[in-house]
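The following note sets out several points for a colleague who is examining this model. Each point takes up one part of the structure.

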Number of protein chains: 2
Amino acid sequence: MTTMSNRYQAEGAKSRPTMRHVAALAGVGIKTVSRVMNDEPGVSEATRQRVLGASQQLNYQLDMAAGSLRRAGRQTLSVGLLLPSVANPFSSEIHRAMEDALAARGIAVFAASLDDDAEREKALVTAFLGRRVDGLVLTPIAKSQAYVIPEHSRDLPIVFIDREPVGIEADAVVTDNAVGAAKAATHLISHGHTRIAYMGDRTDIQTARERRRGFTEELGRAGIATSTVPVREGLHDEESARLATLELLRAEEPPTAIFSSQNLVTFGVMRALKELGLNKRVALVGFDDFTLADMMEPGVTVIAQHPDRIGKLAAERLLARIDGDHGAAQTYVVPSELITRGSGELRPPE
Amino acid sequence: MTTMSNRYQAEGAKSRPTMRHVAALAGVGIKTVSRVMNDEPGVSEATRQRVLGASQQLNYQLDMAAGSLRRAGRQTLSVGLLLPSVANPFSSEIHRAMEDALAARGIAVFAASLDDDAEREKALVTAFLGRRVDGLVLTPIAKSQAYVIPEHSRDLPIVFIDREPVGIEADAVVTDNAVGAAKAATHLISHGHTRIAYMGDRTDIQTARERRRGFTEELGRAGIATSTVPVREGLHDEESARLATLELLRAEEPPTAIFSSQNLVTFGVMRALKELGLNKRVALVGFDDFTLADMMEPGVTVIAQHPDRIGKLAAERLLARIDGDHGAAQTYVVPSELITRGSGELRPPE
DNA sequence: GGTGTGCCTGACAACGATGTCAGGCATCAT
DNA sequence: ATGATGCCTGACATCGTTGTCAGGCACACC
């Protein structure tokens with residue numbers, strides 16, 4: 001039979017060897033092969049070597065999917081990771097940190113991009129559930145995550161990152177958005193600014209709202225009438241931020257400092273400032289650190305997030321849940337950090 | 001029985017419903033449920049609705065792993081992607097492009113980072129094979145990829161990206177490294193430079209060698225004695241590139257132009273030039289485009305690769321192979337592009 | 001010699017699904 | 001009435017592996 005099937009498949013796809021093939025070649029039972037491949041005790045050294053030899057000869061490899069089908073607990077040693085985009089630097093650093101933390105346990109990561117699309121979020125969660133991942137880490141974008149309640153209460157570990165979920169109680173790992181934005185405000189105020197503009201992302205994004213709240217509350221605390229604060233929101237890319245900034249700076253009584261709530265927005269602001277030759281006159285603090293920020297003219301002061309820590313922490317929480325931690329859901333806050341590089345330390349003109 | 005198991009598991013992990021549960025609730029056979037879930041024909045509309053209702057009520061979801069166990073061809077609708085690092089911008093753009101091309105077919109992507117570690121390459125390939133991926137896309141780093149020959153000849157689709165594999169004939173998608181580097185050389189020569197330094201990456205990386213070859217060959221063609229070309233290699237990060245550049249520029253007869261073979265090296269060179277106040281005097285062309293290159297002083301001229309096209313093409317080739325294309329292995333070359341921004345157009349001092 | 005104690009080992013069912021196949025029931029032509 | 005033809009449907013084996021369990025064998029002890 002073996003011969004038959006070999007000949008039959010000689011010119012096409014050769015099929016992968018199974019335990020049965022290894023067992024036949026080694027002259028043992030299939031269960032013994034299983035024991036050897038899984039490093040289970042109770043196999044004599046001689047048998048072990050025979051099986052190992054046969055398996056190498058056939059280039060045999062255990063089929064994890066088939067194994068976990070029968071195995072208790074059904075672990076697949078894979079998890080799903082849903083990010084705004086795998087190509088986004090912030091996301092990909094989280095991804096990397098998680099990978100490192102999970103690789104130690106032999107867990108592989110399915111990664112996917114959401115593009116701020118709520119439908120895609122649900123579709124991808126479904127796709128990963130169908131693959132029976134051991135856990136899910138996701139950046140929520142849909143209005144509510146209640147749709148995963150059935151799975152979550154069936155004990156599927158889920159950790160939300162960057163944004164807290166709505167409609168479900170589950171672990172989350174987030175940056176101290178409001179506090180970070182407040183730090184930016186304090187920093188600019190302490191350098192003499194009172195007319196500080198806020199350039200913000202789409203308001204349907206929770207972190208954007210938090211940053212705005214932290215920022216304006218801090219201005220209020222400092223005695224600056226929040227009604228006088230120029231606020232531009234709904235900026236989701238470089239170009240819209242650039243245009244909004246140009247408009248703002250050409251208006252009467254332009255701001256002497258700008259706080260931008262996100263990477264791409266910061267880039268747009270930088271472009272506008274440079275165009276108008278104001279890059280060394282108008283102060284700027286951006287939320288999110290970025291490559292080459294120190295090479296700008298002047299260097300760009302930022303509120304840096306720590307995607308590596310977020311990723312690591314998320315992975316640790318996920319592993320704890322996978323290992324059976326049934327404690328109450330909790331939100332973990334990773335502190336942001338002010339990094340001064342020049343642009344945030346410019347003083348207003350006399 | 002159903003009641004029993006519900007009560008039993010009320011306080012712990014509820015188990016996931018299976019087809020049997022759905023079948024029991026709908027009062028049909030298990031195979032009928034299978035037909036409905038897979039949109040197979042031959043089910044009356046009335047039965048279909050009953051099954052659909054039951055499956056929704058139980059929140060049932062098909063188990064892909066179990067399904068593909070029996071299904072012909074054993075497709076898992078997942079592929080493995082091995083990158084230098086998922087956090088590397090070049091890699092993550094490839095990743096994104098692949099994801100988009102594969103998502104249309106419902107294929108999920110396992111992504112992992114190699115960190116230029118040959119052992120990790122093999123370990124991760126093994127890990128993905130154990131998960132029975134339908135295909136593999138990988139950036140080779142090990143000296144030879146002959147170890148995947150058994151799987152490849154068993155019809156596992158494999159596409160190499162960025163670098164060509166060694167010891168195996170398989171599809172590859174790469175940038176025209178030598179041509180791109182030659183373009184950089186031509187560009188600098190046409191702007192009057194004859195003393196052009198080459199700052200290169202580790203020579204064990206194939207693309208680095210190709211870039212160097214293309215660069216020096218072009219200088220030779222232009223009549224520049226290659227023995228006079230300052231070459232610094234083995235630079236793998238910003239700091240080593242910065243130091244090498246400082247040393248080079250402080251030596252006698254410093255170059256009037258620099259070609260850097262890679263992103264991080266370019267950053268190091270930029271830092272050194274700025275430190276010495278030479279950023280507007282010494283010309284620079286870097287291999288690899290990067291964010292904010294146009295915001296530098298001056299803007300940085302680069303040979304841009306097209307990671308999005310590389311990713312898309314790799315995904316297309318992989319799908320073709322998955323669909324049974326048994327044509328000879330082929331290497332696909334994605335052309336690079338010269339983007340002028342200022343730094344590469346600086347002329348040498350008289 | 002009988003028996004208990006470990007240590008190895010393999011037969012068998014099961015995991016959750018799909019492929020195969022045969023059977024039941026209308027409908028329709030003869 | 002009889003047989004042929006389709007359409008639905010479910011019993012059963014099977015995918016590759018692991019859990020369970022019982023059996024065989026060697027050794028030591030009484």
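1. In this predicted model, the surface near DNA strand D has nine nonpolar, 10 polar and eight charged residues. Helix H5 of chain A provides the largest share of that surface, with four residues. The elements that give two or more residues to the surface near DNA strand D are H3 and H5 of chain A, together with H3 and H5 of chain B.

2. Which residues come nearest to DNA strand D? Of the 27 residues around this strand, they are A:Ser34, A:Tyr60, B:Thr32, B:Thr47 and B:Arg70. Among the atoms of DNA strand D that come within 4 Å of the protein, sugar and phosphate account for 64%.

3. Individual polar contacts with DNA strand D involve both protein chains. From chain A, a backbone N or O atom of A:Asp63 lies 3.2 Å from a phosphate oxygen of DNA strand D. From chain B, a backbone N or O atom of B:Gly29 is placed 2.9 Å from a phosphate oxygen of that strand. A base is also approached: a polar side-chain atom of B:Arg35 lies 2.6 Å from a base nitrogen of DNA strand D.

4. The surface near DNA strand C can be described in the corresponding terms. Its residues divide into eight nonpolar, 10 polar and nine charged. A:Thr32, A:Thr47, B:Ser34, B:Asn38 and B:Tyr60 come nearest, out of 27 residues around DNA strand C. Sugar and phosphate make up 64% of the atoms of DNA strand C that come within 4 Å of the protein.

5. Three contacts with phosphate oxygens of DNA strand C deserve attention. A backbone N or O atom of A:Gly29 lies 2.9 Å from one such oxygen. A polar backbone atom of B:Met19 is 2.6 Å from a phosphate oxygen of DNA strand C. For B:Asn38, an N or O atom in the side chain is 2.5 Å from a phosphate oxygen of the strand. The elements that give two or more residues to this surface are helix H3 (30–37) and helix H5 (64–70) of chain A, with helix H2 (19–26), helix H3 (30–37) and helix H5 (64–70) of chain B. H5(B) gives the most, with four residues.

6. How is chain A divided into domains? The domain assignment gives domain 1 (2–62), domain 2 (78–175 + 307–335) and domain 3 (177–306 + 338–345). Taken over C-alpha atoms, the centres of domain 1 and domain 2 of chain A are separated by 38 Å.

7. In chain B, six strands form an open sheet with mixed pairing, in the order E7-E6-E8-E9-E10-E12. Strand E7 (231–232) and strand E12 (337–339) are the edge strands, each pairing on one side only. Strand E6 (residues 196–199) and E7 of chain B run parallel and are joined by two bridges. B:Met199 has B:Arg232 in E7(B) as its bridge partner.

8. Helices of chain B pack on this sheet. Helix H9 (residues 177–190) touches E6, strand E8 (257–260), strand E9 (283–287), strand E10 (301–304) and E12 of chain B, and the direction of H9 makes about 170° with that of E9(B). Helix H11 (residues 238–250) touches E6, E7 and E8 of chain B, and the direction of H11 makes about 155° with that of E6(B).

Methods
Residues numbered from 1 in each chain as written. Chains lettered and ligands numbered in written order. Predicted model: local features only at pLDDT ≥ 70, side-chain atom pairs only at ≥ 80, totals over all residues. Heavy atoms only, no water. Pairing = 2+ DSSP bridges. Contact = heavy atoms within 4.5 Å. Axes fitted to C-alpha atoms, helices over the stretch in contact; angles between N-to-C directions. Near = heavy atom within 4 Å. Polar contact = N/O pair within 3.5 Å; in protein donor to acceptor, adjacent residues only side chain to side chain. Nonpolar A, V, L, I, M, F, W, Y, C, P; charged D, E, K, R; others polar. Domains from an automatic or database assignment.
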